[in-house]
Amino acid sequence: MLQGKHILLGVTGSIAAYKAAVLCRLLRTAGAEVKVVMTQTAKQFITPLTMATLSKNPILVEFFNPENGEWNSHISLGEWADCYLIAPATANTLAKMATGVADNLLLTTYLSARCKTIVAPAMDCDMFSHITTQNNLATLRSHGVIIAPSPAGELASGLTGKGRMAEPEQLLELLIQTLNPEKKKSLQGKHFVVTAGATIEAIDPVRYITNHSTGKMGYAIAQALSDRGAQVTLVTGRTTLPTPQGVTRVDVLSAEQMYNATTEAFKSAHGAIMCAAVADYTPAKVAEHKIKKSDDDMSIELVRTKDIAAALGAVKGDRVLVGFALESDAGVKSAQSKLKRKNLNFIVLNSLTDKGAGFGVDTNKVTFIDSNGSQSLPLMSKAEVAEKIVDKIEQELC
Ligand code: CTP
């Protein structure tokens with residue numbers, strides 16, 4: 001899988017440095033040639049002897065070998081590497097990388113390297129969630145650095161939370177995807193539920209209440225998730241669209257059926273994207289036989305349906321939940337209150353007034369709204385919007 005690839009493994013001073021030994025071995029087994037750069041502090045967590053033996057190369061720590069003056073060129077190391085994987089990456093190293101500090105070989109090599117860099121953060125949960133660390137990660141991401149997810153779990157401090165280093169097997173997978181971008185399977189092992197299309201609320205055996213949603217946006221999201229290796233359950237109202245490749249499709253009609261199918265699928269999911277235009281009201285009674293007309297006007301009593309997004313929001317924990325909103329006016333404000341009420345990670349706001357956006361068309365113009373504010377995207381195809389949504393979901397999973 002990594003035959004002939006040159007992987008530079010950077011190791012910094014974290015308890016998780018012991019995982020670097022397993023990682024190094026996995027890289028070698030996958031066929032890569034590995035060179036290891038360590039910081040001085042990293043040597044206190046794992047010995048250079050261990051890493052040199054596993055990588056089959058001398059360990060690089062200093063700018064030059066004090067014994068014989070031999071120069072460890074950060075420039076040629078950067079040129080040699082097909083990928084620079086820094087695992088574990090401490091808060092300190094991430095901060096230095098984000099600001100261009102170059103006070104050791106690991107950092108000067110980062111600044112010189114022309115190849116892709118992946119970092120696997122490893123630290124205590126409070127350090128990880130600290131605004132400074134999160135800002136540094138955002139800066140590095142904007143510089144093109146790939147940030148490996150830091151799963152929640154028990155930490156060396158005894159606390160439980162986010163900040164653990166990703167497992168070596170996950171990092172190997174991420175590295176393979178990075179070096180083979182056409183096979184990017186960044187959501188392998190994740191399961192998502194997507195709702196799409198319009199629901200149909202029966203009035204009698206012949207008539208029903210529905211809306212103009214065609215399901216195009218939800219189907220594009222299901223495809224984008226599946227393309228990145230996720231398992232996808234698409235709970236869909238009636239549409240004429242073909243089932244996206246690799247996706248499990250569950251057909252429903254009413255809001256009640258969509259509620260049942262979606263809440264069931266969500267039990268084993270890592271997240272849900274609520275793209276369906278679900279009826280907010282349904283007839284209080286469905287007439288058993290076709291209703292005969294008379295000369296009188298008639299009215300139908302409607303009752304509220306269950307809010308599926310809010311129901312998932314109530315049980316979601318740290319899973320990702322994305323909502324949609326369609327607004328004709330005061331969009332952002334109303335979406336922000338929906339974000340809180342339904343406990344969503346973010347809302348994709350479509351405007352009814354924007355040209356090229358909304359029902360039936362192949363393009364969309366959306367604004368992402370989360371607890372930090374809003375980000376408006378230009379008009380683009382629904383497939384491109386789906387990619388942006390899935391990119392944001394990946395960030396939320398970190
Ligand atoms: N939603 C849902 N179940 C419902 C109603 C809505 O899951 N019974 C979801 C939708 O799929 C969408 C989000 O909730 O992701 C927002 O829908 P809604 O609250 O109906 O907002 P709008 O469609 O923008 O309309 P309004 O607030 O004006 O009713």
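This dialogue goes through the two domains of a predicted model and the surroundings of its ligand.

Visitor: Which domains does the domain assignment of the chain give?

Guide: The assignment gives domain 1 as residues 6–179 and domain 2 as residues 187–397. Taken over C-alpha atoms, their centres are separated by 40 Å.

Visitor: How many residues does the contact take from each domain?

Guide: Contact is counted between heavy atoms within 4.5 Å. Here domain 1 contributes four residues and domain 2 contributes five residues.

Visitor: What is the area buried between domain 1 and domain 2?

Guide: Buried area is what two parts lose in accessible area on being put together, summed over both. For this pair of domains the value is about 310 Å², with 40% coming from carbon and sulfur atoms. On the domain 1 side, Arg141, Lys162 and Glu173 supply 67% of the area buried against domain 2, more than any other three residues. By class, that side has one nonpolar, no polar and three charged residues.

Visitor: How many salt bridges are there between domain 1 and domain 2?

Guide: A salt bridge needs a side-chain nitrogen of Lys or Arg within 4 Å of a carboxyl oxygen of Asp or Glu. Between domain 1 and domain 2 the count is zero. The count of residue pairs in polar contact, both at pLDDT 80 or more, is also zero.

Visitor: Which residues around the ligand come nearest?

Guide: There are 16 residues around the ligand, and Met274, Ala276, Phe324, Lys338 and Lys342 come nearest.

Visitor: Where do oxygen atoms of the ligand meet polar atoms of Ala309, Leu326 and Lys338?

Guide: For Ala309, a polar backbone atom is 2.9 Å from a ligand oxygen. For Leu326, a polar backbone atom is 3.1 Å from a ligand oxygen. With Lys338, an N or O atom in the side chain is 2.7 Å from an oxygen of the ligand. The ligand on its own has 580 Å² of accessible area, and the protein covers 78% of this.

Technical notes: Residues numbered from 1 in each chain as written. Predicted model: local features only at pLDDT ≥ 70, side-chain atom pairs only at ≥ 80, totals over all residues. Heavy atoms only, no water. Domains from an automatic or database assignment. Buried area = accessible area lost by both parts, 1.4 Å probe. Polar contact = N/O pair within 3.5 Å; in protein donor to acceptor, adjacent residues only side chain to side chain. Nonpolar A, V, L, I, M, F, W, Y, C, P; charged D, E, K, R; others polar. Near = heavy atom within 4 Å. Areas by Shrake-Rupley, 256 points an atom, 1.4 Å probe, with all protein chains shown as cover.
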